[in-house]
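Grab the structure and work through these exercises at your own pace. Each one sets a task and then walks you through a solution.

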Amino acid sequence: MSLRTYIAKRLLHAVLIAWGVMTAAFFLMRLGPNSPADKYIASLGAGHNVTAVVAAIESRYGIDKPLHEQYFNYIASLLQGDWGWSFGTSMPVMELIKTHWIYSFQLVLLSSIFAIVLGISLGMFTAVKKNSRADHIAAFFSFAGISIPHFWLGIMLILIFSVKFGWFKTYYDTSLPMLSLENLHALTLPVFTLGTGMVAGYSRYVRSAMLENMGKDFVRTARAKGLPERTVIGKHVFRNAMLPVITIIMLDMSGIVFGGAYITEVIFGIPGLGWMSLKAVFADDYSVVMAVTLIGAFVTLLFNLLADIAYIYLDPRIRYE
Amino acid sequence: MCGRAALLSAGIGLSGCLEREAKEQNQSTNLTGAPGKSGKFIEGSSGGDAETLNWLLASDATSFGYIGLTLDGLMTYDNNFNTILRWMKKDIEVSDDGLSYTVTLRDDLEWSGGKPVTSEDFVYTMKNLMFADWMAYSYAGDWKEEVDGKSVFIEPGVDNETTFTIHRKTVNPEFLYTVTDLNVYPKHIASKYEGDVKTFTQAPELNDLSYTGNLGPYRYKEWIRNDKIVMEHNPDYYGGKVKGEPYFDEYIIKIFGTSEARHAAMEAGDITSTGLEPEQVKKFKEMPSVQVFTVPTSQYQMMQYNMRDNGWAGLKDKKVRQALTMAIGKEKIIQQVRLGFGEPAYSFIPKTSPWYDDTGLLKLGLGDLYNKNKAKEMLLDAGYGVRENGEIKLVDKNGAKIKLKLITNTGSKVAESTAFLVKQELGDIGIEVDIKLVPWETELRKYYMNKVPGSDQQPRNNNGARAVSEEPWDLILAGHFVDLLQPSGSEIFFATDGGLNIYGYSNPRVDALFKKARSKEALDKNVRKEVYAELSKILSEDQPIDFFTFPTANIAFKADVKGIEPGINMNYNYMEWYFG
Amino acid sequence: MRLAAYYWERTKRQRPAMAGLAFIIFLIILAVSGPFFTVSPTQVNFDEKNIPPPGFTLEQSIYNASSGGFVTTVQRGTWEHPLGTDGMGRDMLAMLISGARVSLLVGLLATGIAIIIGALIGITSAYFGGAMDSVLMRATDIFMTFPFLLLLILIVYLFGSSLTLIIMAIGLTGWTGTARLVRSETLSLRTREFIMASKALGASHLRIIFYHLLPNTLSSIIVLATLSIPGAILAEAALSFIGLGDPQVASWGNILNAGQGSLQTAWWVAVEPGMMLFFTVLAFNFMGEGMREAFEPGGD
């Protein structure tokens with residue numbers, strides 16, 4: 001099988017999975033007992049024909065038709081690039097996402113850079129200094145980093161650095177220009193909140209991958225040839241250790257975007273996809289929830305695919321089956 | 001409009017409604033010296049974002065607040081309920097027989113693009129949009145009257161370019177306040193989207209308020225959902241032709257995820273104004289850079305007694321309800337939960353209303369009538385107790401301990417604290433309260449909406465005397481809004497067939513009085529005054545709900561914001577505020 | 001039994017793992033015995049609200065509407081409430097201990113559900129192979145691709161925030177990792193001689209699955225379970241944090257959520273449950289990691 005057919009096959013697989021996720025999300029939401037009409041009925045005064053009002057609202061939301069019809073209509077409009085109308089915010093879902101994705105993206109991007117740089121350095125350092133005092137301390141902090149709840153860390157950072165010291169604002173200011181130092185400053189605490197767990201995780205991966213390779217024959221050979229330790233570690237061990245690490249980072253990505261970033265946005269009031277989708281869930285804003293779910297699935301599938309390709313690219317010995 | 005939008009508030013926290021109510025303009029206030037500085041006015045909010053700027057579709061106070069910045073409305077009231085004209089040239093003229101209401105518009109109102117705003121636009125908005133079947137306008141009921149047993153819409157008609165008259169067949173003196181809340185769409189734009197609610201919902205011009213012309217002090221600029229809405233100075237504003245109001249370059253409403261972040265932003269000077277939680281007030285009052293106003297609100301916190309068949313049977317007895325109210329200290333709620341920011345409530349009309357009259361009010365839960373022993377004795381008399389060694393022990397008819405199920409919504413600290421305080425107070429007299437916190441949506445669906453068991457009724461908030469909610473309950477904490485000028489709007493809560501009378505209260509005398517407040521007789525204000533006094537008195541005795549408090553709100557402004565007149569409608573002259 | 005003893009010996013040598021285990025045992029004892037020595041965690045007392053831990057003070061003011069001034073009192077921490085009280089005068093120590101019960105319950109039950117579902121799906125998939133394998137693995141893929149937290153939030157929002165439902169939801173969404181792991185382990189076992197032999201002897205599918213396959217994957221399952229518990233605990237806390245927790249129980253997440261509104265004043269209400277969460281999760285992580293190293297052949 002050529003690389004191209006392999007990728008084509010993976011893509012087909014991805015489309016299938018995305019369809020599955022979409023279908024599951026669609027029916028899950030419709031099965032709930034809530035109706036967008038509830039809140040209107042609650043505020044109705046006297047003199048209303050409730051049945052008529054419910055019918056009008058359901059028709060406005062497009063939920064008056066039989067379920068299967070709604071489902072096929074949704075797929076049909078999706079295929080035409082129409083993501084529907086957001087009733088919670090009164091704008092097309094596509095527009096909504098266009099204005100908000102960047103806030104999530106910058107957070108995840110900066111956190112990833114922070115975590116990858118720091119995580120890899122820390123991992124290499126502790127692998128080289130295995131079982132030293134520094135290694136043990138680093139190990140402890142990695143575990144602490146993995147274990148600390150995001151939301152609590154975020155709140156504590158706000159309490160200490162914003163409330164007590166006043167170094168940062170307690171909220172994220174969207175009026176700052178995206179590419180500015182002020183914006184970077186404003187994102188410090190969110191990035192640290194989201195990045196801590198990632199640093200901790202990555203440093204552990206890197207450390208164990210490095211250690212695994214250090215014991216391998218080719219490293220011993222390199223050492224025996226009298227190559228300086230720096231070259232052995234930097235060139236031979238590191239390069240080989242990076243392979244699984246990159247894969248893991250890729251596979252982690254979607255969990256970060258739709259796990260930690262989600263909560264981080266809520267704490268710091270960043271109007272990204274996470275906060276938006278949470279509001280949408282509470283507002284019974286079906287089409288937004290669907291869109292965010294689909295984007296989430298898409299990101300996951302994309303990174304899985306990238307991880308696969310990276311694997312093949314970095315290690316030609318691997319055969320794709 | 002605001003009061004109508006949110007008659008019912010989720011829990012008993014303060015909604016942002018009052019803060020942004022009636023943001024309209026006053027030309028009569030004299031200003032000493034023109035403002036020197038300009039700048040942005042940033043209001044901090046943490047109550048969530050608006051749903052839509054397409055006002056006919058809105059059902060939340062936040063939406064009406066945003067829209068009000070660009071559409072002044074016909075008129076407003078100042079803190080003393082004096083009429084302040086906005087779009088109107090003179091006050092609404094009511095015919096002597098009380099059947100027709102004539103509105104005369106200013107002749108310099110324009111839509112964007114220069115088309116004049118005419119009476120035709122108003123009549124069109126009513127007839128073709130608000131009253132249309134396809135629209136199912138949520139507040140259409142306000143524009144209906146009962147004629148020959150049928151509910152029909154009132155009839156608006158164009159008199160000339162700037163005058164229109166609304167004709168009724170029955171007299172209702174309080175309909176005036178419905179007319180004052182009337183808003184308008186441009187006929188030439190709205191007619192493009194007429195007939196289909198889905199198209200109307202998604203109409204771009206109606207959603208971005210690009211039609212508002214010179215009708216309000218601000219123009220729509222930008223709206224980032226769940227973050228902020230930016231309105232910019234409207235240079236064409238009809239009210240600013242002489243002095244150039246409004247005096248701020250931009251009016252921004254910034255949304256925060258938590259009240260904590262909002263307070264910190266106010267403290268740091270990042271925002272110009274925000275409402276304060278009670279525990280923060282002292283700190284802000286002591287800050288030289290901030291001014292804090294403590295102002296009354298137009299709502300009351302209360303606890304509803306379930307008199308339907310799925311509530312504790314005792315609650316159907318007036319004596320029992322009075323006893324329970326007597327056992328819960330109103331001052332305690334004000335002190336412990338609201339940290340002093342509130343007035344005790346005994347009935348539904350607050351002191352700030354021109355219709356307030358406390359003669360004959362039964363002031364249960366305060367002073368001598370906050371008496372737990374007396375409460376126990378009353379319950380014993382009602383058959384819910386036994387005397388053991390001189391001590392009264394409260395028991396249910398079957399001899400078991402009395403247990404009540406109290407429902408309130410999650411997410412409101414005030415509601416939760418009040419719930420626990422009620423539990424503590426009733427616990428003192430030997431009644432066990434089981435608190436159940438549920439999300440607002442669930443509360444509406446499972447505890448508010450009711451229907452006759454086994455029938456195929458569409459569940460709603462009041463489906464008649466025999467209807468019951470899906471889940472049983474005894475007590476529900478919530479808040480009600482009251483329209484200070486037309487308290488008869490509260491009919492919805494207390495009339496037998498009132499749309500939000502979820503607790504199954506029925507008193508023919510109350511029904512008759514509410515009818516009377518909206519009848520020909522009541523054209524005489526003295527009659528109405530008597531009607532409201534009697535209503536207040538009956539409700540304070542009947543206790544369909546335990547009226548807890550009328551909360552007061554605290555609103556902080558930067559010290560350099562000038563021109564504010566603190567009071568119940570303090571935003572009435574907001575376009576004249578300036579940085580000094 | 002000998003095997004268990006062997007693993008125990010190896011795990012015992014991991015000091016952090018033992019520290020973790022000790023903490024968890026301590027927590028369990030606390031959670032079980034708590035009701036006997038603390039006051040009731042739901043006992044409110046508005047006269048004793050917002051009492052700080054000993055050594056701290058807090059000013060509280062009540063507005064006097066007639067004078068426009070404030071009546072200020074200073075609350076001092078007392079040993080009667082060693083961890084202070086919350087905004088309704090509930091004892092923080094009692095609430096944290098009752099929260100420990102909730103968190104442990106969620107961690108163990110949700111993980112249990114996830115592990116059982118995952119193991120069954122993994123084994124079935126690998127053992128039967130073919131179409132069964134394809135279908136089950138595609139289902140697993142779909143579940144893995146669904147944004148986890150969003151799915152959890154949706155389920156709990158739609159069907160109500162009861163503790164039972166939250167536990168079920170975490171369990172039902174968290175099985176995919178186990179399924180994958182068990183499947184791959186089973187795949188390698190499937191062709192081993194003893195399995196082939198019992199097949200040849202006519203053993204039933206169920207017998208092979210429950211007597212041979214499951215026990216042989218058990219060690220990896222146990223390690224994975226231990227490492228999944230913190231995830232389940234954190235998931236419940238995260239749900240509570242965004243307001244979807246069971247309002248009827250005082251879980252750490254619920255307390256934390258309530259406390260974040262008064263960070264500037266009653267800071268301890270948000271700090272303390274967070275610390276408990278952190279230490280508990282850390283303890284499980286240490287233990288899981290220690291077990292993993294001990295169970296790994298030649299792992300040290």
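One thing before you start: this is a predicted model.

**Exercise 1. Find out how many residues of chain B and chain C are in contact, and which helices of chain B take part.**

Step 1. Start with the count: 21 residues of chain B are in contact with 19 residues of chain C.

Step 2. Now look for the helices on the chain B side. Helix 9 (259–268), helix 10 (281–285), helix 12 (330–337) and helix 14 (413–428) of chain B each supply at least two residues.

Step 3. Pick out the top contributor. Helix 14 of chain B gives the most, with six residues.

Step 4. Sort the chain B side by class. You get six nonpolar, 10 polar and five charged residues.

**Exercise 2. Describe chain A as a whole, then say how its two domains meet.**

Step 1. Take the overall dimensions. The C-alpha trace of chain A spans about 90 × 60 × 35 Å along its principal axes.

Step 2. Go through the secondary structure, which comes to 13 helices and two strands in chain A.

Step 3. Check burial and contacts. Chain A has 321 residues, and buried ones make up 42% of them. Among the contacts in chain A with a separation of 6 or more, 72% come from residues 24 or more positions apart.

Step 4. Split the chain. The domain assignment gives domain 1 (3–83) and domain 2 (94–314) of chain A, and their C-alpha centres lie 33 Å apart.

Step 5. Look at where the domains touch. Here 13 residues of domain 1 of chain A are in contact with 15 residues of domain 2 of chain A. The domain 1 side has 11 nonpolar residues, one polar and one charged.

**Exercise 3. Work out how helix 11 and helix 12 of chain A pack: what is the angle, and which residues make the contact?**

Step 1. Recall what you need: two packed helices are described by the angle between their axes and the distance between the axes.

Step 2. Read off both values. Helix 11 (residues 229–268) and helix 12 (residues 273–282) of chain A pack at an angle of about 80 degrees, with their axes 7 Å apart.

Step 3. Turn the angle into words. Angles of 65 to 115 degrees count as roughly perpendicular, so helix 11 of chain A is roughly perpendicular to helix 12 of chain A.

Step 4. List the residues. Helix 11 of chain A brings Ala261(A), Tyr262(A), Glu265(A) and Val266(A), while helix 12 of chain A brings Gly274(A), Trp275(A) and Leu278(A). By class, that contact has five nonpolar residues, one polar and one charged.

**Exercise 4. Trace the largest nonpolar core and see what helix 6 of chain C packs against.**

Step 1. The largest nonpolar core has 239 residues. Those with the most contacts inside it are Leu152(C), Ile153(C), Val156(C), Ile170(C) and Ala238(C).

Step 2. Ask where the core residues come from. Helix 3 of chain C gives the largest share, 16 residues, and domain 1 (3–83) and domain 2 (94–314) of chain A each provide at least three.

Step 3. Zoom in on Ile153(C). Leaving aside neighbours within four places in sequence, Ile153(C) is in contact with Leu278(A), Val281(A) and Leu244(C).

Step 4. Move to helix 6 (residues 163–173) of chain C, where Ile166(C), Ile167(C), Ala169(C), Ile170(C) and Gly171(C) are buried. The buried residues of this helix pack against helix 3 (92–128), helix 5 (148–159) and helix 9 (205–241) of chain C.

**Exercise 5. Is Leu120(C) buried, exposed or partly exposed?**

Step 1. Locate the residue: Leu120(C) is found in helix 3 of chain C.

Step 2. Count neighbours. Leu120(C) counts as partly exposed because it has 17 C-beta neighbours inside 10 Å.

**Exercise 6. Hunt for unusual backbone geometry in chain B.**

Step 1. Know the usual case: most residues other than glycine have a negative phi, and most peptide bonds are trans.

Step 2. Find the cis bond. The peptide bond from Glu245(B) to Pro246(B) is cis, with omega near 0 degrees. Pro246(B) sits in the loop between strand 12 (228–233) and strand 13 (250–255) of chain B.

Step 3. Look for positive phi. Ala136(B) has a phi near 50 degrees and lies in the loop between helix 4 (119–130) and strand 7 (144–147) of chain B. Leu339(B) has a positive phi of about 50 degrees and belongs to the loop between helix 12 and strand 17 (342–344) of chain B.

Step 4. Test burial. Ala136(B) has 20 other C-beta atoms within 10 Å, so it is buried. Leu339(B) is buried too, with 20 other C-beta atoms within 10 Å.

Conventions:
Residues numbered from 1 in each chain as written. Chains lettered and ligands numbered in written order. Predicted model: local features only at pLDDT ≥ 70, side-chain atom pairs only at ≥ 80, totals over all residues. Contact = placed C-beta atoms within 7 Å. Helix = DSSP H or I, 4+ residues; strand = E, 2+ residues; numbered from the N terminus. Nonpolar A, V, L, I, M, F, W, Y, C, P; charged D, E, K, R; others polar. Buried ≥ 20, exposed ≤ 12 C-beta atoms within 10 Å, placed from the backbone. Domains from an automatic or database assignment. Axes fitted to C-alpha atoms, helices over the stretch in contact; angles between N-to-C directions. Parallel < 35°, antiparallel > 145°, perpendicular 65-115°, else oblique. Core = buried A, V, L, I, M, F, W, Y, C linked by C-beta atoms within 7 Å.
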